[in-house]
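Work through the following exercises with the sequence and the coordinates at hand. Each task is followed by a solution in steps.

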Amino acid sequence: MMSLKEIYSKGLCPVCGYEMIDREGVYPWGKDCDSQSDEICPCCDIQFGHQDLTLEYLWKGDDMKKRLSIYDKWRNDWIKNGMKYKHFDDEFYPQPPNWDPIKQLKNIGIEMDQNRKIKED
């Protein structure tokens with residue numbers, strides 16, 4: 001998987017690889033990669049600055065390892081629940097045509113096998 005800074009700077013959702021900057025015009029954690037956007041990924045439904053914040057962040061500053069573990073858990077739950085596009089009927093964030101969640105995960109360096117399991121390095 002790519003580093004969080006690289007994922008954020010490309011405007012990708014770190015959970016599912018959704019191209020937030022290309023489709024929604026927003027960065028998950030701001031263009032500086034350090035300020036929460038409060039945006040919700042229309043694909044996996046995580047809200048940046050809410051579900052990916054820890055108490056340590058609020059008191060001591062960011063801990064990228066903890067944030068990565070939050071993203072890993074959110075991603076595993078999203079995969080386990082069928083990798084559905086959460087806002088498929090939303091008029092503002094409709095599901096992209098020919099949407100492919102497995103291809104989308106490749107945006108953040110995650111490969112899946114034919115059984116929809118994450119390939120380990």
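**Exercise 1. Determine whether R75 is buried or exposed, and list polar partners of its side chain.**

Step 1. R75 has a relative accessible area of 3%, so R75 is buried. Buried means under 20% relative accessible area, exposed over 50%, and partly exposed in between (1.4 Å probe, protein chains only).

Step 2. R75 sits in helix α4, residues 64–80. Helices (H or I, at least four residues) and strands (E, at least two) are DSSP runs, numbered from the N terminus.

Step 3. The side chain of R75 makes a polar contact with the side chain of D72 at 2.8 Å. Also, a polar atom of the R75 side chain lies 2.6 Å from the backbone oxygen of P14. A polar contact is a pair of N or O atoms within 3.5 Å; within protein, one must be able to donate a hydrogen and the other to accept it, and residues adjacent in sequence count only if both atoms are side-chain atoms.

The model is predicted: local features need pLDDT of at least 70, side-chain atom pairs count only at pLDDT 80 or more, and totals for chains, interfaces and linings use all residues. Residues are numbered from 1 along each chain as its sequence is written, and side-chain values use heavy atoms, with hydrogens and water left out.

**Exercise 2. Count the disulfides, and explain the result for C41 and C43.**

Step 1. A disulfide is a pair of cysteine sulfur atoms within 2.5 Å.

Step 2. For C41, the closest cysteine sulfur is that of C16, at 3.6 Å, which is too far for a bond. For C43, the closest is again in C16, at 3.8 Å, also too far.

Step 3. The count is zero disulfides. C41 is buried at 0% relative accessible area, and C43 is buried at 0% as well.

**Exercise 3. Find how many aromatic pairs there are, and describe the one between Y85 and W99.**

Step 1. Rings of Phe, Tyr and Trp (its six-membered ring) pair if their centres lie within 6.5 Å; planes under 30 degrees apart count as stacked, over 60 as edge-to-face and the rest as tilted.

Step 2. There are two aromatic pairs. Y85 and W99 form an edge-to-face pair, with 5.4 Å between centres and 75° between planes. Both residues lie in the loop between α4 and α5 (101–105), 14 residues apart.

Step 3. Y85 is buried at 3% relative accessible area, and W99 is buried at 17%. Y18, Y85 and W99 form one aromatic cluster.
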